[in-house]
Amino acid sequence: MPDSISCEVLQRWIRAFARLVADNEEYLTRLDASIGDADHGTNMNRGMTAVVAALDSAENVASPAALFKQVGMTLVSTVGGASGPLFGTLFLRMGTACGDVEVLDAGGFARALRAALEGVVARGKAETGDKTMYDALAPAVDALEAALDAGGSLAAAVRAAHAAGVSGRDATTAMLARKGRASYLGERSVGHQDPGATSVALLLQAAAGVIPARSDSSSGSASGQP
Ligand code: ADP
Ligand code: MG
């Protein structure tokens with residue numbers, strides 16, 4: 001059976017991300033205090049709290065496309081600043097890219113994340129090295145595609161994407177900001193980790209946590225299962 005992700009697993013991903021954002025709210029805000037206006041953690045937590053409330057009150061979310069659309073719309077309408085439209089667009093584009101399917105297969109998930117990245121670029125015009133969320137998301141999408149192209153399982157590919165996103169996030173520290181509020185600081189932005197890239201790494205961490213490794217059965221011992 002090919003790798004696939006049900007709507008229920010996608011919901012778990014979104015809820016896990018919301019928990020990570022809540023747990024890291026102060027940390028994200030502290031990062032933004034160094035090179036922005038000290039609101040990134042508050043912004044993201046407000047948005048993801050609203051997303052979880054919307055999921056809780058929905059009867060059932062029929063499809064991946066409907067789920068991502070709801071997440072994106074909620075973020076756009078509850079989060080201000082740069083990150084509301086950017087993270088909102090990320091999810092809205094994923095929703096559009098999913099098409100009319102009930103379950104996402106590995107290729108569909110990769111296409112959705114690629115579309116998400118393209119949406120972030122369409123919205124914010126960020127390029128590699130600008131010190132934004134793009135610098136975590138772009139290498140993650142590349143790593144996901146590369147792992148799947150090489151014949152890896154979805155679970156392994158998502159773990160590779162998470163690792164690449166973490167490296168990308170870490171690389172933002174040395175960058176000079178060229179987009180967003182941090183760019184107003186010029187040279188003084190160097191030496192600080194980008195808050196938006198940090199949130200993207202949390203999104204990938206959540207994905208790696210919920211996408212089951214059972215399809216790695218060829219190397220069963222790696223997952224620690226008997
Ligand atoms: P604001 O900057 O409006 O206060 P946040 O603090 O919530 O919004 O989010 C800041 C984050 O948004 C940055 O750390 C960066 O990753 C991201 N960001 C800002 N501008 C852009 C852009 N043009 N393209 C991509 N990401 C951006
Ligand atoms: Mg801010």
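How do the residues of the shell around ligand 1 divide into nonpolar, polar and charged? I will come to that in a moment, but please keep in mind throughout that what we are looking at is a predicted model.

To take the question up directly, the shell holds six nonpolar, eight polar and six charged residues. Of the 20 residues around ligand 1, the ones that come nearest are Asp37, Ala82, Ser83, Gly124 and Asp194. Two of these also place a polar side-chain atom by an oxygen atom of the ligand, at 2.9 Å in the case of Asp37 and at 2.5 Å in the case of Ser83. From Gly196 it is a polar backbone atom that lies 2.9 Å from an oxygen atom of ligand 1. Taken alone, the ligand exposes 560 Å², and the protein buries 92% of that.

If you now look at where the ligand sits, the space that it takes is the largest pocket. Three helices, α3 (40–57), α5 (83–98) and α9 (195–210), each supply at least two residues of the shell, and the largest share, three residues, comes from α9.

Let me turn, finally, to the aromatic rings, where the count comes to four pairs. One of the pairs is formed by Trp13 and Phe68, whose ring centres are 6.1 Å apart and whose planes stand at 85 degrees, and because an angle over 60 degrees counts as edge-to-face, that is how this pair is classed. This pair links distant parts of the chain, since Trp13 belongs to helix α1 (residues 7–23) and Phe68 to helix α4 (residues 64–78), with the two 55 residues apart.

Note on methods:
Residues are numbered from 1 along each chain as its sequence is written. Chains are lettered from A and ligands numbered from 1 in the order in which they are written. This is a predicted model: local features need pLDDT of at least 70, side-chain atom pairs count only at pLDDT 80 or more; totals for chains, interfaces and linings use all residues. Side-chain values use heavy atoms; hydrogens and water are left out. A residue is near a molecule or strand if one of its heavy atoms lies within 4 Å of it. A polar contact is a pair of N or O atoms within 3.5 Å; within protein, one must be able to donate a hydrogen and the other to accept it, and residues adjacent in sequence count only if both atoms are side-chain atoms. Accessible areas come from the Shrake-Rupley method with a 1.4 Å probe; for residues, only the protein chains shown count as cover. On a 1 Å grid over the protein atoms alone, a cavity is a set of points where a 1.4 Å probe fits but cannot get out, and a pocket is an open set with protein on both sides within 12 Å along at least five of seven lines; lining residues have an atom within 4 Å of a point. A molecule sits in a cavity or pocket if more than half of its atoms lie within 2 Å of its grid points. Helices (H or I, at least four residues) and strands (E, at least two) are DSSP runs, numbered from the N terminus. Ala, Val, Leu, Ile, Met, Phe, Trp, Tyr, Cys and Pro count as nonpolar, Asp, Glu, Lys and Arg as charged, and the others, Gly among them, as polar. Rings of Phe, Tyr and Trp (its six-membered ring) pair if their centres lie within 6.5 Å; planes under 30 degrees apart count as stacked, over 60 as edge-to-face and the rest as tilted.
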